[in-house]
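User: I would like to learn how to read the packing of helices and strands in a model such as this one. Could you take me through it step by step?

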Amino acid sequence: MGPFHTIAIIDDDPSVTSIFEFILKQVGYKTITAPNSKQGIQLFKNHSSIDVLFLDVKLPDIILADFIRDILTLSEQTKIILMYDYTSDYIPYEAYDSGAFATIFKPFDVEEVLNQIKKIIQH
């Protein structure tokens, strides 16, 4: 583990991205964030080695399955973890068909987030 792993967070809620950045930097990960899908795609065009993406499923400007396919076309090694609100009754199964790796629920459990990342990086 260490500074070699890059984690991306795409979420339109700045409090979510700043919490993620704070936690992940503490344990030695590099983080990059985007508030929407357009800038999210740009992240992947600018960074060739993003290990994990935490993706808000409720971004207003995306069709989830298509967006996941676009990301994986740019960066096939990236593992995508979908973020849901607990209130969300919508589980987009097509997102798994298109390549999502796992899910977490907001408000998220820090241990769970770190375990997911560890699992992916050791995988």
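User: At what angle do helices H2 and H3 pack, and how far apart are their axes?

Analyst: In this predicted model, helix H2 (residues 37-46) packs against helix H3 (residues 64-74) at an angle of about 15°, and their axes lie 9 Å apart. Angles under 35 degrees count as roughly parallel, and H2 and H3 are therefore roughly parallel to each other. As for the hand, the crossing of H2 and H3 is right-handed.

User: Which residues of H3 are buried, and where do they sit around the axis?

Analyst: The general idea is that an α-helix has 3.6 residues a turn, so residues three or four places apart point the same way. In H3, the buried residues are Leu 64, Ala 65, Phe 67, Ile 68, Ile 71 and Leu 72. These residues cover an arc of only 160° around the axis, which puts them on the same side of H3.

User: What unit does H3 make with strands E3 and E4?

Analyst: Taken in order, E3, H3 and E4 make a β-α-β unit, and this unit is right-handed. The two strands also pair with each other, since E3 (residues 52-56) and E4 are joined in the parallel sense over five bridges. Within that pairing, Phe 54 has Ile 81 in E4 as its bridge partner.

User: Is strand E4 mostly covered or mostly uncovered?

Analyst: A useful general point is that in a regular strand the side chains alternate between the two faces of the sheet. Strand E4, which spans residues 79-85, is mostly covered, with five of its seven residues buried. Besides its pairing with E3, E4 runs parallel to strand E5 (residues 102-106), to which five bridges join it, and here Leu 82 stands opposite Thr 103 in E5.

User: What is the order of the strands in the sheet, and which strands are at its edges?

Analyst: The sheet is open and has five strands, in the order E2-E1-E3-E4-E5, with parallel pairing. Its edge strands are E2 (30-34) and E5, each of which pairs on one side only. If direction is ignored, neighbouring strands of this sheet are turned by 20° against each other on average.

User: How many bridges join E1 to E3, and what is the bridge partner of Ile 7?

Analyst: Strand E1 (residues 6-10) runs parallel to E3, and four bridges join the two strands. The bridge partner of Ile 7 is Val 52, which lies in E3.

Conventions
Residues are numbered from 1 along each chain as its sequence is written. This is a predicted model: local features need pLDDT of at least 70, side-chain atom pairs count only at pLDDT 80 or more; totals for chains, interfaces and linings use all residues. Side-chain values use heavy atoms; hydrogens and water are left out. Buried means under 20% relative accessible area, exposed over 50%, partly exposed in between (1.4 Å probe, protein chains only). Two strands pair if DSSP finds at least two bridges between them. A crossover is right-handed if, with the strands pointing away from the viewer, the path from the first strand over the helix to the second runs clockwise. The arc is that of the directions from the helix axis to the C-beta atoms. Axes are lines fitted to C-alpha atoms, for helices over the stretch in contact, and angles run from 0 to 180 degrees between N-to-C directions. Angles under 35 degrees count as roughly parallel, over 145 as roughly antiparallel, 65 to 115 as roughly perpendicular and the rest as oblique. A crossing is left-handed if the near helix is turned anticlockwise from the far one by less than a right angle, and right-handed if clockwise.
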